[in-house]
Amino acid sequence: MSGPEDPLFPGPAPDTRHESEDQRMDRNWNELLQEMRVLQTGVQIIGGFLLTLPFQQRFGTLTGMQKWWFLLLVVLATMTTGLMLVPVSLHRRLFQHHVKYRLVAAGDKIVKAVVACVSLLIAGCAGLIFSVAVGPEAGLAAGGSILVALAALVLLYPLLSWSPRRRKSEQKR
């Protein structure tokens, strides 16, 4: 289905807020920034956790694969943090150029990429912890299972939870 009832339809949404296009873009930009703040906290916690691991006594007992897994997660956390800087950089570059729509559209894509990276980080960290605590097979199983569950939560649930019928029934209440 594609049309105004479809949330993925790129056409104009009905103006139920009675705001100008500029006001809508400002609100959308502020909502994107708020989402980035939430994501930033999670990435900082995961990154901080990862940065403490080499200074733990047990770090020396990790297998070669576990150390590479750890380093891959450090790179992913670092790149995710860097990706979260892109909207700020874009805003600085495009400030007062009257292209807020392009900025919001780019920010939307970046937030989606950050959500994917954070999901990988969560699954990867859980997998590494299971690998160290139980063994490499358990780590791969746990990391893979968590990644599948997160994919269902962040990809499928938002798509499946929205339906035009549900929206119409909620509006009638």
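Ser131 is found in helix H4 of this predicted model. Its relative accessible area is 2%, under the 20% cut-off, so Ser131 counts as buried. Leaving out residues up to four places away in sequence, Ser131 touches Met65, Gln66, Trp69, Pro136 and Gly139. The chain around Ser131 has 6 helices and 0 strands.

**Confidence**

- The mean pLDDT of the chain is 84, and 84% of the residues reach 70 or more.
- Confidence is highest in helix H2 (residues 64-83), with a mean of 95.
- Confidence is lowest in helix H6 (residues 164-172), with a mean of 56.
- Where pLDDT is low, the predicted coordinates should not be read in detail.

**Overall fold**

- Along the sequence the pattern reads α-α-α-α-α-α.
- Of the 173 residues in the chain, 28% are buried.
- Among contacts with a separation of 6 or more, 76% are between residues 24 or more positions apart.

**Helix H4 and what follows**

- H4 has 34 residues, which at 1.5 Å a residue should span 50 Å. The C-alpha atoms at the ends of H4 are 48 Å apart, in agreement with that expectation.
- Gly135, just after H4, takes a positive phi of about 150 degrees.

**Helix H5**

- Helix H5 (residues 136-161) has 26 residues and should span 38 Å at 1.5 Å a residue. Its end C-alpha atoms are 35 Å apart, which agrees.
- H5 has a kink of about 35 degrees at Leu155, shortly before the proline Pro158.
- Gly139, Ala142, Gly143 and Leu150 are buried in H5.
- The buried residues of H5 pack against H2 and helix H4 (100-133).
- Gly139 of H5 is also one of the residues that Ser131 touches.

**Nonpolar cores**

- The largest nonpolar core holds 13 residues, and Met36, Leu39 and Val114 have the most contacts inside it.
- Helix H1 (21-52) and H4 are the elements that give two or more residues to this core.
- A second, separate core has 12 residues, including Ile46, Leu53, Phe70 and Leu73.
- Leu39 touches Met84, Val111, Val114, Val115 and Val118, with residues up to four places away in sequence not counted.

**Cysteines and Phe49**

- A search of the whole structure finds 0 disulfides. A disulfide is a covalent bond between the sulfur atoms of two cysteines.
- Cys117 has a relative accessible area of 18%, which is under 20%, so Cys117 is buried.
- Cys125 is buried too, because its relative accessible area of 7% is under the 20% limit.
- Phe49 lies in helix H1. With 30% relative accessibility, Phe49 falls between the 20% and 50% limits and therefore counts as partly exposed.
- Phe49 is in contact with Cys125 and Ile129, its neighbours within four places in sequence left aside.
- Phe49 and Cys125 are 76 residues apart in sequence, and their C-alpha atoms are 9.3 Å apart in space.

Conventions: Residues are numbered from 1 along each chain as its sequence is written. This is a predicted model: local features need pLDDT of at least 70, side-chain atom pairs count only at pLDDT 80 or more; totals for chains, interfaces and linings use all residues. Side-chain values use heavy atoms; hydrogens and water are left out. pLDDT is the predictor's confidence in each residue, from 0 to 100. Helices (H or I, at least four residues) and strands (E, at least two) are DSSP runs, numbered from the N terminus. The expected span of a helix is 1.5 Å times one less than its number of residues. The bend at a residue is the angle between axes fitted to the seven residues ending there and the seven starting there. Buried means under 20% relative accessible area, exposed over 50%, partly exposed in between (1.4 Å probe, protein chains only). Contact means heavy atoms within 4.5 Å. A disulfide is a pair of cysteine sulfur atoms within 2.5 Å. A nonpolar core is a set of buried Ala, Val, Leu, Ile, Met, Phe, Trp, Tyr and Cys residues joined through side-chain atoms within 4.5 Å.
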